[in-house]
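Open the model in your viewer and keep the selection panel at hand. The stops below go from one selection to the next.

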Amino acid sequence: MSVRTPSSPCPAPPVPPLSPPPSACPAPEDGPDAPGVPAARSGRPPADVAPTEPGTAFGPGREALRAARSRALAELAGHHLAERRTLLLWLGTALLVVGWLLAVPGVGYLADGDVFGAAAGGGCLLLAGALAAPSALALGQAAREDLRARAELRRWALLDRDPDRRAHWYVPRQARLLVLSALAVCGGGLALGLTAALSGPPGVLSFPAALGLGAVLAVMGGAGLLKAADFYRLVIRELGPPARPRGGAHR
């Protein structure tokens, strides 16, 4: 007569009579394709991988998870702060500025009420719309992609932390380009807007044109600074001291 073992999540092999039941399931294999380790081919974690507290033990697959995390963060950061994306941001901003500078005199021509003014104003407004509308759509799509990349960066960064606390996925050249150019654009917009508000616009610009130009530059430069600041916050967290686990250490 043999003793039946209790049911367990893993199938139990045949055991001799009176032998104790198996105590645990076989450990998962290490590697990027091991169960519970997110794949990093596209830099996107699967839906079943949830953020966890820093310092949480991941068992035998922790090294594989760290390797997948490093690859995913490097891919996401390189795409998120790519130089071409920064240049496209300022190109779209420049087209918005040109569209605004064409729209303001176009409205003025239409206000004159004559045939020449109507033709000139309509032409200016059509050209302004042809420049500004595609630029606004492209910038909106880029903003949505940045928000998705930001969410994925944060999700991967919160999974664990590199043991030597070096941000291998940090891209300093691209980050500096974004920060310096955003500072220049935002500062120029604020200076132009304040100058127009306090002492009148420059001679080549009307008051609405100067204020609108300053507002566009300040807003787009501020958006670039927010993007860079959010990325630097992740890097600072990676380089900082590890967070203490909740509940304190057990003696």
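**A tour of buried charges**

Select D230 to begin: in this predicted model, D230 has a relative accessibility of 13% and counts as buried. Now add R150, whose relative accessibility of 32% makes R150 partly exposed. The two residues form a salt bridge, with their closest N and O atoms 3.0 Å apart. R150 sits in helix α3 and D230 in helix α5, so this pair links distant parts of the chain, 80 residues apart.

Next, select helix α3 as a whole, residues 115-157. From first C-alpha to last, its 43 residues reach 62 Å, close to the 63 Å expected at 1.5 Å a residue. At the N-terminal end of α3, pick D114, which acts as a cap: one of its side-chain oxygens lies 2.8 Å from the backbone nitrogen of G117.

Move along α3 to D146. Is D146 buried or exposed? Its relative accessible area is 17%, and under 20% counts as buried.

Which residue forms a salt bridge with D146 at 2.8 Å between the closest N and O atoms? Select R85 to see this partner. R85 lies in helix α2 (residues 83-112) and D146 in helix α3, so the pair ties together parts 61 residues apart in sequence. R85 is buried too, at 12% relative accessibility.

Add K227, whose side chain meets that of D146 in a salt bridge of 3.4 Å, N to O. K227 belongs to helix α5 (residues 207-239), 81 residues from D146. With a relative accessible area of 16%, K227 is buried.

Finally, select R85, E145, D146 and K227 together: salt bridges that share partners join them into one network. The count for the model comes to eight salt bridges.

Notes
Residues numbered from 1 in each chain as written. Predicted model: local features only at pLDDT ≥ 70, side-chain atom pairs only at ≥ 80, totals over all residues. Heavy atoms only, no water. Helix = DSSP H or I, 4+ residues; strand = E, 2+ residues; numbered from the N terminus. Expected span 1.5 Å × (residues − 1). Polar contact = N/O pair within 3.5 Å; in protein donor to acceptor, adjacent residues only side chain to side chain. Salt bridge = Lys/Arg side-chain N within 4 Å of Asp/Glu carboxyl O. Buried < 20%, exposed > 50% of the residue type's maximum accessible area, 1.4 Å probe, protein only.
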